[in-house]
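Visitor: Could you teach me how to read a pocket and a helix in a model like this one?
Guide: Gladly, let's look together.

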Amino acid sequence: MKQIKFWTLTIFAISLLLVSCGETVDESQVLVEYLESADSPIDVTKLNKLIKATELQTEILTGNPYIIDIRGDEYNTLGHIDGAVQVAATDVLSHLDALENASSYSKIVVVCYTGQTSAYFVSLANMAGHNVWSLLWGMSAWNDATAGPWNNNIKNTYATQLEITTNPKGEEGALPVIETGYETAEDILAARIAEVNAAGFSPATITADVVWANPENYYIVNYWPLNQYEMGHITGAIQYTPGVDILTTSYLKTLPTDKPIVVYCYTGTGSAFLSAYLRVLNYDSRSLMFGINGMARDWAADNQLTNWNEGHIAGNDLVTE
């Protein structure tokens, strides 16, 4: 009896030690439960926070938006929105943290060349607790002079290679392992956001040419409604309904943890929002640049899917000072 009591006490003591060291905390589960809860800084089903160029112009005329421009040299050479502050993409979070009286602005908007990079960092910023928006189509939609990044990247290379086969989702598995060393959801989230932010946008991107060269190397997520997926999609792509299918109560755990995930949408914007979220959860997610517009733009237009065209260019003023 004494021996049994001794070992029972020993096991109990070891258990207490492990708990105190955080060894038994399933960080992935803690994090995703928090992000899907009512206490989350974001609504996982509505990650996209977008504002059109015409809407931002109205904000400028009637409100007092704070605009962050994360472009490089073109900020001055081609021009920027009057009052926009130039900030490096990976510095957006620290800039927002230091921003005084953020709630006094009618909107805080991040702009880039095409709306894809800004979407990625806006997604991270909103997970960090800020209330930030991304300019749809980026500065390409602001003025003809800044429209080049979209005008020069619409392609039709793979329009005839889209398939209509329905591909099944993967088997449900475990969440990716997260090891920040923290125990609370807030601390785990902050650590993951910091790591993803520091890596920049590049590791979270992929081009159509790379994907089409070897589609079997990726778990390809078609982030469209089912009826649009059935009209045509990348070879091997699997349909996930935007917002709905990325919850643990639906199909989040069907995403693989041992294979790169490629997410594509219409413009590369929704996929950037989602890829930022998935990378915080430690999935190896890549956003397909320019979406369907970067591989079958005319097909998208013919099927009434969101597509880049000159009608999106607002013709607003630029400042070159």
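Visitor: Which element gives the most to the lining of the largest pocket?
Guide: Rolling a probe the size of a water molecule over the atoms shows where empty space is left. Here, helix H11 contributes the most to that lining, with 4 residues. This is a predicted model, where local features need pLDDT of at least 70, side-chain atom pairs count only at pLDDT 80 or more, and totals for chains, interfaces and linings use all residues. Residues are numbered from 1 along each chain as its sequence is written, and side-chain values use heavy atoms, leaving out hydrogens and water.

Visitor: What is the volume of the largest pocket?
Guide: About 290 Å³. Of its 20 lining residues, Asn48, Tyr223, Pro242, Cys265 and Gly270 are the closest to the centre.

Visitor: Which residues of H8 are buried?
Guide: An α-helix has 3.6 residues a turn, so residues three or four places apart point the same way. In H8, the buried ones (under 20% relative accessible area, 1.4 Å probe, protein chains only) are Ala185, Ile188, Leu189, Arg192, Ile193, Val196 and Asn197. They lie on the same side of H8 because their arc around the axis is only 155 degrees.

Visitor: What does the face turned away from the buried side of H8 carry?
Guide: That face carries Glu195 and Ala198, which are exposed (over 50% relative accessible area).

Visitor: And what covers the buried residues of H8?
Guide: The cover includes helices H2 (27-35), H5 (92-98), H6 (116-127) and H11 (269-280). Just past the end of H8, Gly200 has a positive phi of about 80 degrees.

How values were computed
Helices (H or I, at least four residues) and strands (E, at least two) are DSSP runs, numbered from the N terminus. The arc is that of the directions from the helix axis to the C-beta atoms. Contact means heavy atoms within 4.5 Å. On a 1 Å grid over the protein atoms alone, a cavity is a set of points where a 1.4 Å probe fits but cannot get out, and a pocket is an open set with protein on both sides within 12 Å along at least five of seven lines; lining residues have an atom within 4 Å of a point. Grid points are joined across faces, edges and corners, and a volume is the space filled by probe spheres set on the points.
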